[in-house]
Amino acid sequence: MISVEFLRQFRVGGYAIFDFATAFAGIYLFSLLTSKIFLKLRLDIPKKSWMLLTLPIGIATHIIIGRITPMTKNFLDVHGHYILKIVIVGLLLLGLRGIKIIKK
């Protein structure tokens, strides 16, 4: 049996590929249900927007629950990691751009 620690040892830029894969898979499955719920609230959130919002939602969630991961720590670092901050803010803006309010 392959352990999670074994899967998390494969990294790109210090971040575990397994964590990215599970986050994107989880948001994709989550979006199937939540897109329908938000449609009832007159908000159209396509799956593409959910996928773009995966990392910003992940960072916000980790900050809220108090579990500081390496990416969250790097994002909150005031003195560096500007490329990460630009990417996260860019993903947030692109994800929010796809959301539409449905008028009756």
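Q: Let's start with one residue of this predicted model: in which helix does Ser-49 lie?
A: In this predicted model, the residue can be placed by its secondary structure element. Ser-49 lies in helix α3.

Q: Is Ser-49 buried or exposed?
A: The cut-off for a buried residue is a relative accessible area under 20%. Ser-49 has a relative accessibility of 3%, so it counts as buried.

Q: Which residues is Ser-49 in contact with, leaving aside its neighbours within four places in sequence?
A: Contact here means heavy atoms within 4.5 Å. With the neighbours within four places in sequence left aside, the partners of Ser-49 are Gly-95, Gly-98 and Ile-99.

Q: Staying in helix α3, what does Leu-52 contact beyond its neighbours within four places in sequence?
A: Leu-52 is placed in helix α3, which covers residues 47-52. Its C-alpha atom is separated by 6.9 Å from that of Leu-92, 40 residues apart along the chain. Leaving aside neighbours within four places in sequence, the contacts of Leu-52 are Leu-91, Leu-94 and Gly-95.

Q: How many ångströms apart are the end C-alpha atoms of helix α6, and what span should its residues give?
A: Helix α6 has 16 residues, 82-97. At 1.5 Å a residue they should span 22 Å, and this agrees with the distance between the end C-alpha atoms, which is 22 Å.

Q: Within what arc do the buried residues of α6 fall?
A: The buried residues of α6 are Leu-84, Lys-85, Ile-88, Leu-91 and Gly-95. They line one face of the helix, because, seen down the axis of α6, they fall within an arc of 130 degrees.

Q: Which elements do the buried residues of α6 pack against?
A: The other side of α6 has exposed residues: Ile-83, Ile-86, Leu-93 and Arg-97. The buried residues, in contrast, pack against β2 (15-16), α3, α4 (54-65) and α5 (70-76).

Q: Which residues form the salt bridge, and how far apart are their closest N and O atoms?
A: Side chains of opposite charge can pair when their charged atoms come close. The cut-off is a side-chain nitrogen of Lys or Arg within 4 Å of a carboxyl oxygen of Asp or Glu, and the count comes to one salt bridge. That pair is Arg-8 and Asp-19, with the closest N and O atoms apart by 2.7 Å.

Q: Which helices does this pair link?
A: The salt bridge joins Arg-8 and Asp-19. These sit in distant parts of the chain, 11 residues apart: Arg-8 in helix α1 and Asp-19 in helix α2 (residues 17-40). Arg-8 counts as partly exposed at 26% relative accessibility, and Asp-19 is partly exposed at 31%. The linked helices are α1 and α2.

Q: What accessible area do Ile-2, Phe-6, Phe-10, Val-12 and Ile-17 have together?
A: One of these residues, Phe-10, is in the loop between α1 (4-8) and β1 (11-12). Phe-10 counts as partly exposed because its relative accessibility is 41%. The five named residues form a nonpolar patch on the surface, and their accessible area together is about 470 Å².

Q: Zooming out, what pattern does the protein chain follow along the sequence?
A: The chain has six helices and four strands. Read along the sequence, they follow the pattern α-β-β-α-β-α-α-α-α-β.

Q: What share of the exposed area of the protein chain do carbon and sulfur atoms supply?
A: Of the 104 residues in the chain, 23% are buried. The chain exposes about 7,600 Å², and the share supplied by carbon and sulfur atoms is 72%.

Definitions and conventions: Residues numbered from 1 in each chain as written. Predicted model: local features only at pLDDT ≥ 70, side-chain atom pairs only at ≥ 80, totals over all residues. Heavy atoms only, no water. Helix = DSSP H or I, 4+ residues; strand = E, 2+ residues; numbered from the N terminus. Expected span 1.5 Å × (residues − 1). Buried < 20%, exposed > 50% of the residue type's maximum accessible area, 1.4 Å probe, protein only. Arc of directions from axis to C-beta. Patch = residues over 30% accessible without salt bridge, like charges linked within 9 Å, V, L, I, M, F, W, Y side chains within 5 Å. Areas by Shrake-Rupley, 256 points an atom, 1.4 Å probe, with all protein chains shown as cover.
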